[in-house]
Amino acid sequence: MRGTAAEPAARPAGLFHRAELLAQAVEEHTRPVCRRYGLSRTGLRVLSELRHAQAPYTLAPGALSRTLGITSGALTGCLDRLEEARLVTRLPVPGDRRRLGIRLTPEGVRTAGLALADLDRIQREALTLSAPDTALLAALLDSLTAALPGTRGLGAPPA
């Protein structure tokens, strides 16, 4: 099919361009939820990871930065803002005074639950694929993510 209009879209540059457009669309869909709850996109992602960690909703900062694919410095700034908003707290890890755990506060659990429910509603309205197509897309995105440098070890987002 040389020379067809569809050919460039199947090339890596076309695929990565589509991925960039998808990332921009996700950002647009996420922005109203972040604004409603006074969160940055990273803040919402932190709350989501902690909320999906199950009670007592605690993770190590290193695990959070790896899962989110952000630097420890970026995470520290985000955690400072979330702590100031009383959505998370830093707690010492028993038996190791050098380490801290990040835990959702009761207000953080409530806010995360509300924000994630809003986000889920918005995403369900936007995603009009059939169940088999959704599963195929998820598998393809997982394969691409696993193959890209710098993404190894990043967890799949919570279901």
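**Exercise 1.** Determine whether Leu141 is buried, partly exposed or exposed in this predicted model.

*Solution.* Step 1: the classes are buried, under 20% relative accessible area, exposed, over 50%, and partly exposed in between (1.4 Å probe, protein chains only). Step 2: Leu141 has a relative accessibility of 37% and therefore counts as partly exposed. Step 3: Leu141 belongs to helix H7; helices (H or I, at least four residues) and strands (E, at least two) are DSSP runs, numbered from the N terminus.

Residues are numbered from 1 along each chain as its sequence is written. In this predicted model, local features need pLDDT of at least 70 and side-chain atom pairs count only at pLDDT 80 or more, while totals for chains, interfaces and linings use all residues; side-chain values use heavy atoms, without hydrogens and water.

**Exercise 2.** Identify which residues make up the largest nonpolar core's most connected part, and which helix gives the most to this core.

*Solution.* Step 1: a nonpolar core is a set of buried Ala, Val, Leu, Ile, Met, Phe, Trp, Tyr and Cys residues joined through side-chain atoms within 4.5 Å. Step 2: the largest one has 24 residues, and Leu44, Val46, Leu47, Leu82 and Val88 have the most contacts inside it. Step 3: at least two residues each come from several elements, including helix H2 (12–37) and strand E3 (96–104). Step 4: H6 gives the most, with 5 residues.

**Exercise 3.** State where confidence is lowest and highest in the protein chain.

*Solution.* Step 1: pLDDT is the predictor's confidence in each residue, from 0 to 100. Step 2: helix H1 (residues 7–10) is lowest, at a mean of 63, and H3 is highest, at 96.
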